[in-house]
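Trainee: Could you take a close look at one part of this structure with me? I would like to start from a single residue and work outward.

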Amino acid sequence: MASLSISSLTFPSNSNLTKPSSSSSSAFHGVRIAHLCPSFRPSVSSVRASHPPVVMMAKKDEELKEIRAKSTEELNEEIVDLKGELFMLRLQRSARNEFKSSEFRRMRKRIARMLTVKRERELEEGINKRLSRKLDRKWKKSIVPRPPPSLKKLQEEEAAAEAKESA
């Protein structure tokens, strides 16, 4: 590791700029490159001791535990629901309605985590990549289109409001 230091640097005043003089000397003394001795470097243990331990993504770990606790069928159902929710968000964005843009990333990440857990289970069962893709195509064809949970909830709220008005 090398350090770079520049020694004192002074600039001439404006009066000296107009008339060059041969008697004036430069105040710039150059650049000094000093190599650090390995004994001057802080040891890794002292650096680690001075900083508190960092807890990495506790939410992600909790979410992964929650996902791994579900069965494969439950994962498939939730993947379908989340993809429906993602589609509803896209519709809201295209209609220029209010929505939380952070939901896009959150849902995509959650779907990816679920698909990863699903693939991990396939690997444990000894299912190779080719068979996995074949099973995925079969599963996608078997999906019955249904409205996402947020749309169902919205429809139920509208039905309740209409029932309230009519009563």
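Trainee: Between which two helices is the loop where Arg-96 is found?

Mentor: Arg-96 is found in the loop between helix 4 (72-94) and helix 5. Before going on, please keep in mind that this is a predicted model, where local features need pLDDT of at least 70 and side-chain atom pairs count only at pLDDT 80 or more, while totals for chains, interfaces and linings use all residues. Residues are numbered from 1 along each chain as its sequence is written, and side-chain values use heavy atoms, with hydrogens and water left out.

Why pick Arg-96? Most residues other than glycine have a negative phi. Arg-96 is not a glycine, yet its phi is positive, at about 60 degrees. With a relative accessible area of 76%, Arg-96 is exposed (over 50%; buried is under 20% and partly exposed in between, with a 1.4 Å probe and protein chains only).

Now place that loop in the whole chain. There are seven helices and two strands (DSSP runs numbered from the N terminus: H or I of at least four residues for helices, E of at least two for strands). Reading from the N terminus, the order of elements is β-α-β-α-α-α-α-α-α.

Follow the chain out of the loop into helix 5, which spans residues 102-125. Its axis and that of helix 3 (residues 58-69) come within 10 Å and cross at roughly 50 degrees. That angle makes helix 3 oblique to helix 5 (under 35 degrees is roughly parallel, over 145 roughly antiparallel, 65 to 115 roughly perpendicular and the rest oblique). From helix 3, Lys-60, Glu-63, Leu-64, Glu-66, Ile-67 and Arg-68 meet a set in helix 5 made of Arg-110, Arg-113, Met-114, Val-117, Glu-120 and Arg-121. Meeting here is contact, with heavy atoms within 4.5 Å.

Helix 5 also meets helix 6. The axes of helix 5 and helix 6 come within 11 Å, crossing at roughly 130 degrees, so these two helices are oblique to each other as well. On the helix 5 side we find Lys-118, Arg-119 and Glu-122, and on the helix 6 side Lys-129, Ser-132, Asp-136 and Trp-139.

Trp-139 deserves a pause. This residue is found in helix 6 (residues 129-142), and unlike our exposed Arg-96, Trp-139 is buried, with a relative accessible area of 17%. Leaving aside neighbours within four places in sequence, Trp-139 is in contact with Asn-76, Ile-79, Val-80 and Lys-118. Asn-76 is 63 residues away from Trp-139 along the chain, but their C-alpha atoms are separated by 8.9 Å.

Next, go back to the other side of the loop, to helix 4. The axes of helix 4 and helix 7 (residues 149-166) come within 8 Å and cross at roughly 70 degrees, so this pair is roughly perpendicular. In helix 4, Asp-81, Glu-85 and Met-88 meet Pro-149, Ser-150 and Leu-151 of helix 7.

Finally, step back to the whole chain. Of its 167 residues, 17% count as buried, and Trp-139 is buried too. Among contacts between residues at least 6 apart in sequence, 65% join residues at least 24 apart. The pairing of Trp-139 with Asn-76 is a good one to find on your screen.

Terms used. Axes are lines fitted to C-alpha atoms, for helices over the stretch in contact, and angles run from 0 to 180 degrees between N-to-C directions.
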